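Q: I am new to this structure and would like a close look at one part of it, taken slowly and with its surroundings in view.
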Amino acid sequence: ARELNQTLQQLEVESEELEVGLKEKRSEEETLEQKLKAKQQKQKQSLTLHKKHSARRDQLQMKLGELEGQMREAKSYRKQRERDAKMFAAIVSLKEQPSYGGRVYGRLSELCKIAESKKYMLAITVALGKHMDAVVVEDTNTAKECIQWLKNKFLPPMTFLPLRNLKV
């Protein structure tokens, strides 16, 4: 009976120790669950922030693409204006050359001004097509001389329309 009492007391002590250990483990579990919830909340916030930043990045990339397109268009327009200015200056120089003595008349589009009305300009542009920027000259020899002059000045080529060789 005494041995049974001792064993019973020992088991009660062990049971109390296990209860204390269990309480500690449950406390640790609650702490870990709270930390896990906090980390999950933080992860959720980070994901939301990431989505927000990704959307903003996509929006900015789209805007950047638009701006780059506008910049390309502006550069292209500027280069075209520079080419047009060079062509205009070259034609003016050709017209003023004493050696051509009035045999260079000018660009076809400049010679086709109709009553300063813009409503006819589209029709004229369509009708003239690729010859709109062609330079009207007296004859084939003048055209050849002008082509050589352009080459000597390292200017871009132009189309010349010799009046004597045009057939209507």
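Which residues are exposed on the other side of H4?

A: In this predicted model, the exposed residues on the other side of helix H4 are Lys144, Lys151 and Asn152. To see what that side stands opposite to, it helps to begin with the helix itself: H4 has 13 residues, and from its first C-alpha to its last it reaches 18 Å, close to the 18 Å expected at 1.5 Å a residue. Thr142, Ala143, Cys146, Trp149 and Leu150 are the buried residues in H4, and because they fall within an arc of 120° when seen down the helix axis, they line one face of the helix. An α-helix has 3.6 residues a turn, so residues three or four places apart point the same way.

The buried residues of H4 pack against helix H1, strand S1 (104-107), strand S2 and strand S3 (160-162). Phe160 gives a closer view of this packing, since among the residues that Phe160 touches are Ala143, Cys146, Ile147 and Leu150, together with Leu94, Val135 and Val137.

The largest nonpolar core has 14 residues, and Cys146 and Phe160 are among those with the most contacts inside it; H1 (2-96), S2 (135-137) and H4 (140-152) each supply at least two residues of this core. A second, separate core of seven residues includes Ile124, Met132, Ala134 and Val136.

Finally, just after H4, Phe154 takes a positive phi of about 55°.

Methods
Residues are numbered from 1 along each chain as its sequence is written. This is a predicted model: local features need pLDDT of at least 70, side-chain atom pairs count only at pLDDT 80 or more; totals for chains, interfaces and linings use all residues. Side-chain values use heavy atoms; hydrogens and water are left out. A nonpolar core is a set of buried Ala, Val, Leu, Ile, Met, Phe, Trp, Tyr and Cys residues joined through side-chain atoms within 4.5 Å. Buried means under 20% relative accessible area, exposed over 50%, partly exposed in between (1.4 Å probe, protein chains only). Helices (H or I, at least four residues) and strands (E, at least two) are DSSP runs, numbered from the N terminus. Contact means heavy atoms within 4.5 Å. The expected span of a helix is 1.5 Å times one less than its number of residues. The arc is that of the directions from the helix axis to the C-beta atoms.
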